[in-house]
Amino acid sequence: MGCSASTQTSKVAASKAPKSRQTTEDFLYTYVDEKSLRLAYDFILKDCNLLLCNGTLVPSICLTEKSFPVINARLPVDEEGETFINLPIVTAAFGNKGRVICFPHGEIICGIPAHQMTAKFFENALAWLGHQRSAMTPVLLFGFNQQFNVTAKDILHHFGFFVETSQKLTNLNTYRIIFVPSSIDVHNSNIYSKLIDFVEGGGGLAVFHWPFDEDNPMNLTFPINPVLFHFGLSYTFCSITVSEDQIEVTRNFESAYALHFHSIINQFKEYLQ
C-alpha cells in the first residue's frame, strides 16, 4: 500500500531585529533629548546643597538645546546689596559624544579641600565629564600657570586622578578630561579644532574663567568663547563680586533651566503678549 504526500509551502515572516533599548547611561553621557539634561543636572549636583565660591565670578550663559545651567546665583549688582540679578555661574553642555562644563573662576578649585559639598560637586562634575567614576582617570591641565598647576594637581591626586600639565596640546587621545583657562588663545596652533575634536570624540572639557591680563583682572576678554559657542555656551562680559562664602544650590532643574537663554526669550515673548 502506498500513499502520496502533497508538499505545502508556507511563508515565514522575516523576524525583525529587536530594537536596542537606551539605558540611563545613554541619556546621561550623550544628548538624546531633554531627559539627558535632567539626568546630567541631577548627577552633577547629587548630595550638593552649597558651593564654596567667593571672590569675583564671571557668569556663563546657555544658548542651545544641548546646554543647561547647573548652578545659578542671586548676585548683588550694587555696593549696597539692594539690587540683585540671577545668573548662571556654572553651566554645562553635551557635544556629540563628549561634555563641557564652564566654571566661574579658576580659584574655585582651591575651595575643595576646605568644603565637603564643594568637593562632592567637583567629584560628580569630573565623573560626568570623564564618563566614569574610577581611579586614575587621566587629566590634562593645559595652559595654566605653575602656581595653579601645583595646587590643582595636589587636589586632583586626592581624588585619584592621574594628572599631567602641558603648554601644548599633543596626544589628546590619552586623556579623558582637559582643564583649560578662558584666557587661552584657541586660534594658536589649531587649539580650536583640537579641543572641539577632543570633546566630540568623547572627551570632557572643564573651562575655568581666568583673567586674560592677570595684572588687570577686570579686563574681560575670553579667547575661549569661540570653542564654547560651538557647544552652545559663552562667558558673559560682566563680573560680579560675591559677598558670601557659600552659594546655595537649589537642585531644582526647572528653576535652574529658567535662566537658559531660550527660556528667557520665551518669557519675554509671553510678557509682550
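**Exercise 1. Find which residues of helix 2 are buried, then check the helix's length and its two ends.**

Start with burial: in helix 2, Ser36, Leu37, Ala40, Tyr41, Phe43, Ile44 and Leu45 are buried. Here buried means under 20% relative accessible area, exposed means over 50%, and partly exposed is in between, using a 1.4 Å probe and protein chains only. Helices (H or I, at least four residues) and strands (E, at least two) are DSSP runs, numbered from the N terminus. A word on the source: this is a predicted model, where local features need pLDDT of at least 70 and side-chain atom pairs count only at pLDDT 80 or more, while totals for chains, interfaces and linings use all residues. Residues are numbered from 1 along each chain as its sequence is written, and side-chain values use heavy atoms, with hydrogens and water left out.

Now the pattern. An α-helix has 3.6 residues a turn, so residues three or four places apart point the same way.

Next, the length. The expected span is 1.5 Å times one less than the number of residues. For the twelve residues of helix 2 (residues 34-45) that gives 16 Å, and the end C-alpha atoms are 17 Å apart, which agrees.

Last, the ends. At the start of helix 2, a side-chain oxygen of Asp33 comes within 2.9 Å of the backbone nitrogen of Lys35. Just after the helix, Asp47 has a positive phi of about 65°.

**Exercise 2. Work out what the Phe68–Trp128 pair joins.**

Begin with the whole structure: a search finds 20 aromatic pairs. Rings of Phe, Tyr and Trp (its six-membered ring) pair if their centres lie within 6.5 Å; planes under 30 degrees apart are stacked, over 60 edge-to-face, and the rest tilted. Phe68 and Trp128 are edge-to-face, at 6.1 Å centre to centre with 80° between the planes. Phe68 sits in strand 4 (residues 67-76) and Trp128 in helix 3 (residues 116-129), so the pair ties together parts 60 residues apart in sequence. Both Phe68 and Trp128 are buried.

Compare another pair: the ring centres of Phe121 and Phe122 are 5.6 Å apart with planes at 80°, so this one is edge-to-face. Phe121 and Phe122 are both buried, and they belong to one aromatic cluster with Phe103, Phe144, Phe148, Phe179, Phe208 and Trp210.

**Exercise 3. Which residues touch the most other members of the largest nonpolar core?**

First, the term: a nonpolar core is a set of buried Ala, Val, Leu, Ile, Met, Phe, Trp, Tyr and Cys residues joined through side-chain atoms within 4.5 Å. Of the 55 residues in the largest one, Phe68, Phe121, Trp128 and Phe179 touch the most other members. Helix 3 supplies the largest share of this core, eight residues. There's also a second, separate core of 28 residues, including Ala93, Leu172, Ile196 and Val207.

**Exercise 4. Describe the surroundings of Ile89 and Asn225.**

Take Ile89 first. Ile89 lies in strand 5 (residues 84-95) and, at 0% relative accessibility, counts as buried. Leaving aside neighbours within four places in sequence, its contacts (heavy atoms within 4.5 Å) include Leu51, Ile71, Phe103 and Ile247. Ile89 and Cys53 are 36 residues apart in sequence and 9.8 Å apart in space, C-alpha to C-alpha.

Then Asn225, in helix 6 (residues 225-230). Asn225 is buried too, with a relative accessible area of 4%. Not counting residues up to four places away in sequence, Asn225 touches Ser234, Tyr235 and Phe237.

Terms used: Polar contact = N/O pair within 3.5 Å; in protein donor to acceptor, adjacent residues only side chain to side chain.
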